[in-house]
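Me: I've just opened this one and would like a walk through how it is put together. Can we go piece by piece?

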Amino acid sequence: MSHSGNKDAQSPAKNSGNEHLLKVTDLVQSFGQGKNKVTVLHGVSFHIDQGETYGLVGESGSGKSTIGKCIIGLNTPSGGSIEYNGDKSIQMIFQDPMSSLNPRRKIGDIVGMGLDIGKKCASKQERNERIGEMLEKVGLPRESAERYPGQFSGGQRQRVGIARALIMEPELIVADECIAALDASVQAQVVMMLKKLQAETRTTFLFISHDLSMVRYLSDRIGVLHLGYLLEEGSTEEIFLNPIHPYTKNLIAAIPVPNPVVQYKNEIRYEYGTSGVLYEDGSWHQVQGGKDHRVFCTDREFKKWGGNADEEE
Ligand SMILES: Nc1ncnc2c1ncn2[C@@H]1O[C@H](COP(=O)(O)OP(=O)(O)OP(=O)(O)O)[C@@H](O)[C@H]1O
Ligand SMILES: [Mg+2]
């Protein structure tokens, strides 16, 4: 299902040590002052290696976009650190393909803006060639360059947004709910296109979504976020085959099953308020047998949830 995180023969000099492309450590984000202060990220830590796609999944309000904005520098974190070891830029694909494109600018100028600002092309011809190539790459005709966002469908506009990010040849793309606003069939098309681009360009992705099945399709590893806490992290396979945290289990159980004959035996209903779980008491626990699979909880919870199956009670 997931392609391998290839880190990789093509860039031997860089990251030859144990350096991660992106390392987020104890990220805290609060807003407001005094009585009005709210903390929406509570010490989030994860890393992404070169060539890897990391899927960050969580429900609305869990803090996903806030993490993305901290990474690209739109937000100033209240605590923790973000270490980026790339040579090239980070680009973000935004959630809403309508509002993120200037309606008065031609598609070619929107896609080429980064090239123009950075004076990255020697001639107009080269510039137009690169824009045309990129449009084709995301499945749009070259002639789209002369048209305006309003003349495109939602799915096409999202392709424009993707082209605008990719043309800068970023090393890391933060894709924040980049397909959420699209119809299901269009979502599938754009996701398949992203999958193809991943394979071709080996760009590293942070793929942010509330939709676990999309995340599953695209990601090498998955992090599960709830109420500003990263609760579980592991390879896509581990997360789906051996989820430990009841919140993760709940998310997986909530994925609609295409075949109505198949039924889940235990429909897990997890509510934080009544679960008895206190996220602030948690710490990271390594799941036995699951490489890089870890759960944020107390020792007791970890035992109870079977994260350490071999251990005697
Ligand atoms: N600038 C801000 N000022 C105050 N609160 C904020 C600000 N930005 C985000 N928040 C709050 O932080 C929390 C997390 O927001 P965030 O946008 O990161 O969630 P999300 O997981 O991306 O949700 P969604 O899936 O709906 O996009 C929310 O409660 C939101 O209201
Ligand atoms: Mg968001």
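Me: Which way does α2 cross α4, right-handed or left-handed?
Reply: Keep in mind that this is a predicted model. The axes of helix α2 (residues 107-117) and helix α4 (residues 154-166) come within 7 Å and cross at roughly 30°. That angle makes α2 roughly parallel to α4. As for the hand, α2 passes α4 in a crossing that is right-handed.

Me: Which residues of α4 does α2 meet?
Reply: On the α2 side, the contact uses Ile107, Ile110, Val111, Met113 and Gly114. Sorted by class, the residues of this α2 and α4 contact come out as six nonpolar, one polar and one charged. The α4 residues they meet are Val160, Ala163 and Arg164.

Me: α2 has another partner, α3; at what angle do those two pack?
Reply: Here Gly108, Val111, Gly112 and Leu115 of α2 meet Arg127, Arg130, Ile131, Met134 and Leu135 of α3. That contact of α2 with α3 has five nonpolar, two polar and two charged residues. The crossing of α2 and α3 is right-handed. With the axes 10 Å apart, α2 and helix α3 (residues 124-137) pack at an angle of about 115°.

Me: And α4 with α5: how do their directions compare, roughly parallel or roughly antiparallel?
Reply: The axes of α4 and helix α5 (residues 184-201) come within 10 Å, crossing at roughly 20°. Angles under 35 degrees count as roughly parallel. So α4 and α5 are roughly parallel.

Me: What residues of α5 take part in that contact with α4?
Reply: The crossing of α4 and α5 is right-handed. From α4 come Gly154, Gly155, Gln158, Arg159 and Leu166. The residues of the contact divide into four nonpolar, four polar and one charged. From α5 come Val186, Gln189, Val190 and Leu197.

Me: On to the sheets. Which strands stand at the edges of the open sheet of three strands?
Reply: Strands of a sheet pair through backbone hydrogen bonds, either parallel or antiparallel. In this open sheet the order is β2-β1-β4, and the pairing is antiparallel. Two strands have a single partner each, so one side of each is left without a neighbour in the sheet. Those edge strands are β2 (38-48) and β4 (79-84).

Me: Which residue in β2 is the bridge partner of Gln29?
Reply: Strand β1 (residues 22-31) pairs with β2 in the antiparallel sense, over eight bridges. In β2, the bridge partner of Gln29 is Leu41.

Me: Which strands does α1 lie across?
Reply: From one strand to the next, the twist of the three-stranded β2-β1-β4 sheet averages 20°. Helix α1 (residues 64-72) runs at about 115° to β1. The strands α1 lies across are β1, β2 and β4.

Me: What are the edge strands of the open sheet of eight strands?
Reply: The order in this sheet is β5-β6-β7-β3-β8-β9-β11-β10, with mixed pairing. Two of its strands pair on one side only. These edge strands are β5 (90-93) and β10 (283-286).

Me: Which residue in β7 does Gly55 stand opposite?
Reply: Strand β3 (residues 53-57) and strand β7 (residues 204-209) pair in the parallel sense, with five bridges between them. Opposite Gly55, in β7, stands Phe207.

Me: What strands does α8 touch as it packs on this sheet?
Reply: Helix α8 (residues 246-253) has a direction that makes about 105° with that of β8. The strands α8 touches are β3, β8 (221-226) and β9 (229-235).

Me: Last stop, the ligand. Which element gives the most to the shell around ligand 1?
Reply: Ligand 1 is surrounded by Phe31, Val40, Gly58, Ser60, Gly61, Ser62, Gly63, Lys64, Ser65, Thr66, Glu177 and His210. By class, that shell around ligand 1 has two nonpolar, eight polar and two charged residues. The element that gives the most, with three residues, is α1.

Technical notes. Residues are numbered from 1 along each chain as its sequence is written. Chains are lettered from A and ligands numbered from 1 in the order in which they are written. This is a predicted model: local features need pLDDT of at least 70, side-chain atom pairs count only at pLDDT 80 or more; totals for chains, interfaces and linings use all residues. Axes are lines fitted to C-alpha atoms, for helices over the stretch in contact, and angles run from 0 to 180 degrees between N-to-C directions. Helices (H or I, at least four residues) and strands (E, at least two) are DSSP runs, numbered from the N terminus. Angles under 35 degrees count as roughly parallel, over 145 as roughly antiparallel, 65 to 115 as roughly perpendicular and the rest as oblique. A crossing is left-handed if the near helix is turned anticlockwise from the far one by less than a right angle, and right-handed if clockwise. Two residues are in contact if their C-beta atoms, placed from the backbone, lie within 7 Å. Ala, Val, Leu, Ile, Met, Phe, Trp, Tyr, Cys and Pro count as nonpolar, Asp, Glu, Lys and Arg as charged, and the others, Gly among them, as polar. Two strands pair if DSSP finds at least two bridges between them. A residue is near a molecule or strand if its C-beta atom, placed from the backbone, lies within 6 Å of it.
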